[in-house]
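Please read the following alongside the sequence and the coordinates. The walk begins with a sheet, then turns to other strands and helices, to the nonpolar cores and to the salt bridges.

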Amino acid sequence: MRFSGHLKSLLRNLLLISVAISATLDASITQAIESRAAASADTKPAIWPQDSSDLKPDPAIKFGVLANGMRFVIMHNNTPTNNVSLRFRFDTGSIQESNAQQGIAHVLEHMAFRGSKHVPDGEVDKSLQRIGLQFGADTNAFTSNTQTVYKFDLPNASDENVDIGLMLMREIASELNITDEALKTERGVVLSELRLRDTAEQRAGKEELAVMMSGMRAPTRWAIGKAEILEKVDAQTVRSYYEAYYHPERATLIVVGDIDPEAITKKIETKFSDWKPATRSAADPDFGVFTPMPIQTRIFVDPSLPTSISLDWADAYDPSARTRAMEQEDVIRKIGLDALNMRFEQAALSDDAPFTNAEADYTSNLLRSARGTSVSISTTPEKWHDGLNAAQRIINDALSKGLHQDEVDRAIANFQTGLQNAVTGSNTRRTPSLADGFVFALENNEVFLNPQQKADIAQAVLKNLTAENVTATLRQTFSGTRTVVFMTSAKPIEGGEAALADSYKQALHEVSSNSDAQSIKTWPYTHFGKAGKVVKQQTLKDIDTTFVRFKNGVSLAVKHTNFTAGQIEVNVRVGNGKLGIDKNKPNASFLLNSLVSGGLDKIDSTTMQQVLAGKTYRLDASLAEDHVALRGTTTPENIDTQLQVITAYLLEPAFRNGAVEQLRNFWSFQIPQLESQPLYNLSSHVPGLIRNDDPRWTFPTLEQVKSAKIDDLKTWLLPQLKEGAIQVSIVGDISVQRAIAITAATLGALPARPTPHLKTSAPNELKFTAATASPVVLHHTGGKDQAAAAIAWPVNDRRSSLNEVADMQVLSAIMRSRLIDAMRPRTGSSYTANVGYDGSWVFTGFGSLQAISDIKPEHTQVFFDEVNTIIEDLRSKPVSADEFSRAQKPMLAGIDKSRQTNAFFAQLLVAPDVDPLLSEWIRKLPEYIKAVTPQRVQAVAQKYLIQDKEWKAVMMPQETLSVETK
C-alpha cells in the first residue's frame, strides 16, 4: 500500500486493513452504482466470493456454513509446527453506527475482553496467557470502518487449547456481559487511545479522505469515534449495537494450523450451532453515492507536518466479486506502476532533486466507498511547486509518450521472480499470515488463491505483455471522476489553495524534453579475486551449524533449515558499530540508511535495480553496539547475487549526495511529527537520557540533521566497511557446501581483514544516568491532554549471568502485565504501558529495566505511584504460581516460534571461539527461561528495583512548566 504518508498512517493507526491492489478501473460509474444497489437489495447474496466468480479457490481450504448462517474457513498448515490461528471476523464496523453511536463498535471490541456469561471479567487475557498467548503478540483485535476482527494465535494445537480458543470466540459472538461497571474503565482506555491517535498526521489523512469521498458515509464514521460520545456512552448503547450487528450471517470463523479440518468442523458445529439471535441483523445504512466532481484542492496546515502533496484520482467502489479478468488487469497495472515508481525513485536520488520521494499506488477498496490511484510527493517548503511540477511531469511523460519496453521488461522480471518465490515457499507459509490473508480476502470480496493459482493467472498475460499494453492500462489507472490535490504544510503557503490549483493546472501540461529511459548496463561486481581458502571448519551438531574461517580472516556460520522453502537469510557483521564512533566528534550515524540508496562507485542504486531485475536480493543496514549489520533475504538461485551486492557495498560505497539529502529531508519531516506525539517522543529519547546523553544513543535534533555533513558519515563508516572484521551468517534453504563456495568467491576473496574477536568495553565506559529525585521534564508539541511517563533502573549487563538475564526477562513480563492492569482501572486514561529489559552484550556492567506509559498530564504521579506499588510487592514476596506461569508460558511460546525462523539464527550466530557465551544462549535459551522460579524473580527485584536508583522522566504539553511529584 503506497498512499501518502498521512493516509498510510491513518489507515494503519485507525486499525484499517490495507486494501489490495485489485479490481478494474474500466467499469462505468453507473455499473458501480447498480452493483452497490444490487448488493444491498433483498435478493440473497452469494455466500462466498467464488460463488459469483469464474475463479476457484485453493482446493486445500474447507469452506462451510452453519444452518444459522455463520460461515467458517478451515485450512491445515504446519508452519510453525503445532500452532493454530483463529480469526473471528464480523462484517460490521463504524460505518454501521448512527450519529449518536460514533465509536461504539470499537468500544464493543474492547468490551469483548471484559467478561461474558461463562468467563468472569479479567479472566479472558489470563485464560489465554495460561495456554501461552501474549497479549498484543498473540491476542488482539481491531475495528475498522467496515469490519471487526478478533485474533488468537495458539502456540499449541492440543484439543484443550483449541477448545479454549473456540469457547472464547463463541462467548464473543453472543454472550458478552457489557456492564456499566466494566465500561467505566474501558471508556477511559478508549479515550486514551483516541488521544494517542489524535495526531496532525491522522487529522490530515481524515481530511484528505473527506475531500476525496465527499458525500459518502465512510469518512464521517471513524472507528476511534468522537470524544463527546465516548465520554457519555453507557452499556445499553453498546449492547444495542451488539445485538443489532453481531449476528451469525455477518460472522466468519477462520481456523488455520496444525489441525484436522474434519475434527475442527465438528467442534465448530458443536459450539456455534446454537447461536440464534432473537432478531434479524440490522440492515446496512446507505453508504452514499459516488458522483463526479470538479478538481478539488485543499491545504492542511499544522506546525508538526512536513510539506507533502497527494494527487488522487478516484472512482466509485465496485463491490462485485473478483474475477480472472480483474486479477489479470491488476497484474498489468502493477507492472505499469512499478515502472513509473522507478522513474520517481531515480528523480528523487538525483542531485538537487525537486522532491525527496514520490510513489504511486492503486487501491480497489477504500472503505468500500471508492477506488483509485494516489501519488504521494514529499518535498521541502521552498520546493513544493517544483516538486509537484516534476512529479506530474513524470506522470505526463509516461502517459503521453508511453513506457519503454526495457522498463516494462524489468518490472515483469521482478514480478515473475516474486511469483516463483511465492510458489517455492507455498508449503511453508506461516499460519498467522494465512489466517490474516483470509480476513483480507473476505474484506475485499476476493477468491482465496494459492501461489500457484496466482502465478498461472499472471503468466497468461505476462508472456506477451508489451509496453503499449501496459501504458494503455496505466492511462486508465490515472483517470478518475474525482481528482483531489491535497497538500500538508507546516505554514500557510503564499496564495493558498488558489496557488496550489494554479500550480497543478500548469503541471498538467508539462512534459520532459527527453524522457528516454536510462541505458541498461551490466552488473559490474561479479569478481573479487581468487576464491578464499578455508583454514578452519567445525560443526556444532546441537545447533546444526557449521562454522568456517577463511584465510583472509572472514568468519562464516551456515545453518541449513526448512523453515521457509526457497528462502535464505544473510547477515554480515562488520566493524565495531557504536564502539567505533568517537563520541567527541559529530555523530552522523542517523544517516546510515543513505549507504544503500547511495549506490556504488560503478553503478547507482536505480540502475542497479535495472540490471539486477528478476534477481531476489535485499540490502538493509543497521547499527548495533559492536558492529554494522548488512542484511539480506534471497533464494538458492540468487545467493551469489546477494553476496556480491553486500561485498560491493563493503568495497565501493558511493555516498551520493542525492541519497544523503533524501535521508536528511526524511529526518526533517519525521522529527517535528515525533515531537508532537508524547509516547513515541519519550521512547525515542530515553536510550540517550539514561546513558548520560552519550551522543551514540541520543536521538538527533533538527539542528544536527541540518548541519550533518556527508564527510561526517564517511569518516565514521568507511573505515568500518573497508577495514573491519567480517562475520557472515547464512541461514535457510541452502547446503553448507554451497554457502561456503559462494562466500569464498565474494567476501572470502577480499584482502585480509582482522580476525573476528569478542568486543566488549572497559568497565564503566558507559554509565547509567544518576537517579532523579523528581522527573526530568521534557515537552512535546501535541495535544494539551496528552503526556507520557517513564521510569528506569540500572541493572547488570547480559554477560555477567545468563541465569539473571532469564530472570529479568520474566520479571519484565510480570511487571508489564501488572502495570497494564493497574493503570487502566486507576486512571482510565492509559491505552498502552510497557516494561522491558535491555542488558548489553558489549558494554560491561550496563543494562536497564524500563517502564513507560501514555497518560494524562494530571496523572503522571499516578504512574510513578503504581510502578512503585508493583515493585514493593515484587520485592516483598514471590509471585503466585499462576501469575508466574502466565508470564513464563507466553515467553516460551514466543521463543519456540522465533526459533522456527531463519532471521532468529542469522542475527545471532557467531563462531563459538569468538563468543562462546552467545552460542550458549542460542543453544539453551528455552532451558534458561524454564529454569526461572518465582523466588529468583523476587531476588532480582530485590537486587535491582531500588527506589533510590530510579531515573524518571515525563513528556508534558509544551505549555507545562513544572510537574508536581512526591
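Which residue of β18 is the bridge partner of Leu556? In this predicted model, the partner is Val728, and the two strands concerned, β14 (residues 555-560) and β18 (residues 726-732), run parallel and are joined by six bridges. Both strands belong to an open sheet of seven strands with mixed pairing, whose order is β12-β13-β14-β18-β15-β17-β16. The edges of this sheet are formed by β12 (534-540) and β16 (620-623), each of which pairs on one side only. If direction is ignored, neighbouring strands in the sheet are turned against each other by 15 degrees on average.

Each of the two edge strands leads on to a salt bridge. Lys536, in strand β12, forms a salt bridge with Asp913, and the closest N and O atoms of the two are 2.9 Å apart. Asp913 lies in the loop between α29 (902-908) and α30 (916-930), so the pair ties together parts that are 377 residues apart in sequence. Neither residue counts as buried, because Asp913 is partly exposed at 40% relative accessibility and Lys536 is partly exposed at 38%. As for β16, which spans 620-623, Asp620 meets Arg618 in a salt bridge through their side chains, at 2.6 Å from N to O. Here too the partners are partly exposed, with a relative accessible area of 34% for Asp620 and of 34% for Arg618.

A hairpin elsewhere in the chain shows another kind of pairing. Strand β4 (residues 139-143) and strand β5 (residues 148-154) pair in the antiparallel sense over five bridges, and the hairpin that they form has four residues between the strands. Thr143 stands opposite Thr148 of β5. Strand β4 is mostly covered, since four of its five residues are buried.

Strand β5 is also part of what covers helix α5, together with elements that include β3 (84-90), α4 (124-130), α9 (235-245), β6 (251-257) and α10. Helix α5 (residues 159-174) has 16 residues, and the 23 Å from its first C-alpha to its last is close to the 22 Å expected at 1.5 Å a residue. Its buried residues are Asn161, Val162, Ile164, Gly165, Leu166, Leu168, Met169, Arg170, Glu171, Ile172 and Ala173, a list that includes the charged residues Arg170 and Glu171.

Two of the elements that cover α5 can be followed further. In helix α10 (residues 261-272) lies Thr265, which counts as buried because its relative accessible area of 7% is under 20%. Beyond its neighbours within four places in sequence, Thr265 is in contact with Lys62, Phe72 and Ile74. In strand β3 lies Arg89, and its salt-bridge partner Glu443 lies in helix α14 (residues 431-443), 354 residues away along the chain. The side chains of Arg89 and Glu443 meet at 2.9 Å from N to O, and both residues are buried. A search of the whole structure finds 51 salt bridges, and among the residues concerned, Arg322, Glu327, Glu329, Asp330 and Arg333 are joined into one network by bridges that share partners.

Where, then, are the nonpolar residues gathered? In soluble globular proteins, nonpolar side chains tend to be buried together. The largest nonpolar core of this model has 81 residues, and Val810, Leu811, Met815, Leu819, Leu849 and Phe863 have the most contacts inside it. Helix α26 (residues 802-827) supplies the largest share of this core, eleven residues. A second, separate core has 77 residues, including Phe90, Leu191, Val233 and Ala314.

Two residues give a closer view of the surroundings of α26. Leaving aside neighbours within four places in sequence, Val810 is in contact with Phe884, Ala887, Met891, Ile929, Val932 and Val937. Leu802, which also lies in helix α26, is buried at 6% relative accessibility, and beyond its own neighbours within four places in sequence it is in contact with Trp841, Leu917, Glu920, Trp921 and Tyr928. By contrast, the C-alpha atoms of Leu802 and Arg475, which are 327 residues apart along the chain, are separated by 61 Å.

Methods:
Residues are numbered from 1 along each chain as its sequence is written. This is a predicted model: local features need pLDDT of at least 70, side-chain atom pairs count only at pLDDT 80 or more; totals for chains, interfaces and linings use all residues. Side-chain values use heavy atoms; hydrogens and water are left out. A nonpolar core is a set of buried Ala, Val, Leu, Ile, Met, Phe, Trp, Tyr and Cys residues joined through side-chain atoms within 4.5 Å. Buried means under 20% relative accessible area, exposed over 50%, partly exposed in between (1.4 Å probe, protein chains only). Contact means heavy atoms within 4.5 Å. Two strands pair if DSSP finds at least two bridges between them. The expected span of a helix is 1.5 Å times one less than its number of residues. Axes are lines fitted to C-alpha atoms, for helices over the stretch in contact, and angles run from 0 to 180 degrees between N-to-C directions. A salt bridge is a side-chain nitrogen of Lys or Arg within 4 Å of a carboxyl oxygen of Asp or Glu.
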